[in-house]
Amino acid sequence: MRVVVAWELVAGSMWDLLRIEYTRGVLTHLGYPHYLLLIIGAWKLPCAVTLFVPRFPRLKEWAYAGAVFNYTGAAASHLLVGDRASRWMGPVLFTAITLASWALRPPDRRVVPAAPTTRVRPVAWIVSLGVVVAFLVVALLTLPKGPPPP
């Protein structure tokens, strides 16, 4: 399965970096700027390479995560513009293949979990979540105003 994921990432990288007509049309349809092809394409290639180089299990975790972000972002984009299932099922399928490849990889390509530390007290969770909620409130209260109407 790793081969399928890497192949799609390499092919997608080339399509994006070369900005072929098909990918430009998809981005136009989704409402994204064409320069996004260069950004996404530049990240897909090292992602594919990382899946095949020996060792570096933590980097492989990030490569799999990047692929999942790419595919779920594509599926969500198609869903949010109202595309039919035939447009968003491809990215959903590649998400499933990527997750299966990650879950079924051999032990020598997995990150070895660290030894468990002391138990985290509930107050640590409460304080952490409280800080995030406080940040959300401040962010909502300090939203910038848009430009004045014409």
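The exercises below, each with a worked solution, walk through a predicted model.

**Exercise 1. The largest pocket**

Task: Find out what volume the largest pocket has, which helices supply its lining, and how the lining divides by class.

Solution: Begin with the volume, which for the largest pocket is about 1,100 Å³. Next turn to the lining, which is made by 39 residues, and note that Glu8, Asp16, Lys44, Asn70 and Ala74 are those that lie nearest the centre of the pocket. Then assign the lining to elements: helix 1 (2–17), helix 2 (21–30), helix 3 (36–52), helix 4 (57–80) and helix 5 (85–103) each supply at least two residues, and helix 4 gives the most, with 12 residues. Finally, sort the lining residues by class, which yields 25 nonpolar, 10 polar and four charged residues.

**Exercise 2. Two salt bridges**

Task: Determine how many salt bridges the model has, and for each one state which residues take part and whether they are buried or partly exposed.

Solution: The count comes to two salt bridges when a pair is accepted with a side-chain nitrogen of Lys or Arg within 4 Å of a carboxyl oxygen of Asp or Glu.

Step one takes the pair formed by Lys44 and Asp16, whose closest N and O atoms are 2.9 Å apart. This pair links distant parts of the chain, since Lys44 belongs to helix 3 and Asp16 to helix 1, with their positions 28 residues apart in the numbering. To judge burial, recall that buried means under 20% relative accessible area; Lys44 is buried because its value is 10%, and Asp16 is buried because its value is 6%. Both residues also appear in the first exercise, among those nearest the centre of the largest pocket.

Step two takes the pair formed by the side chains of Glu61 and Arg105, with an N to O distance of 2.4 Å. Glu61 lies in helix 4 and Arg105 in the loop between helix 5 and helix 6 (122–141), so this salt bridge ties together parts that are 44 residues apart in sequence. Applying the burial rule again, Glu61 is partly exposed because its relative accessible area is 22%, whereas Arg105, at 7%, is buried.

**Exercise 3. A nonpolar patch on the surface**

Task: Identify which residues make the nonpolar surface patch and which element gives the most to the patch.

Solution: The patch covers about 800 Å² and is made by Val10, Met14, Trp15, Leu17, Leu18, Tyr22, Leu38, Leu45 and Val49. The elements that give two or more residues are helix 1 and helix 3, and helix 1 gives the most, with four residues. One member of the patch, Leu18, is found in the loop between helix 1 and helix 2. Because exposed means over 50% relative accessible area, Leu18 counts as exposed at its value of 64%.

**Exercise 4. Positive phi angles in two loops**

Task: For Arg19 and Phe56, say where each residue lies and what value its phi angle takes.

Solution: Arg19 lies in the loop between helix 1 and helix 2, and its phi is near 50 degrees, a positive value in a residue other than glycine. With a relative accessibility of 39%, Arg19 counts as partly exposed. Phe56 is found in the loop between helix 3 and helix 4, and its phi, too, is positive and near 50 degrees in a residue other than glycine. Phe56 is likewise partly exposed, in this case with a relative accessible area of 45%.

**Exercise 5. Separation along the chain and in space**

Task: For the pair Leu9 and Ala67 and the pair Thr23 and Leu93, state how many residues separate the partners along the chain and what distance separates their C-alpha atoms.

Solution: Take Leu9, which lies in helix 1 and counts as buried because its relative accessibility is 1%. Its partner Ala67 is 58 residues away along the chain, and the C-alpha atoms of the two are separated by 7.8 Å. Now take Thr23, which lies in helix 2 and counts as buried at 7% relative accessibility. Thr23 and Leu93 are 70 residues apart along the chain, and their C-alpha atoms are separated by 19 Å.

Notes: Residues are numbered from 1 along each chain as its sequence is written. This is a predicted model: local features need pLDDT of at least 70, side-chain atom pairs count only at pLDDT 80 or more; totals for chains, interfaces and linings use all residues. Side-chain values use heavy atoms; hydrogens and water are left out. On a 1 Å grid over the protein atoms alone, a cavity is a set of points where a 1.4 Å probe fits but cannot get out, and a pocket is an open set with protein on both sides within 12 Å along at least five of seven lines; lining residues have an atom within 4 Å of a point. Grid points are joined across faces, edges and corners, and a volume is the space filled by probe spheres set on the points. Ala, Val, Leu, Ile, Met, Phe, Trp, Tyr, Cys and Pro count as nonpolar, Asp, Glu, Lys and Arg as charged, and the others, Gly among them, as polar. Patches are made of residues with over 30% relative accessible area and no salt bridge: like charges are joined within 9 Å, nonpolar side chains (Val, Leu, Ile, Met, Phe, Trp, Tyr) within 5 Å. Accessible areas come from the Shrake-Rupley method with a 1.4 Å probe; for residues, only the protein chains shown count as cover. Buried means under 20% relative accessible area, exposed over 50%, partly exposed in between (1.4 Å probe, protein chains only).
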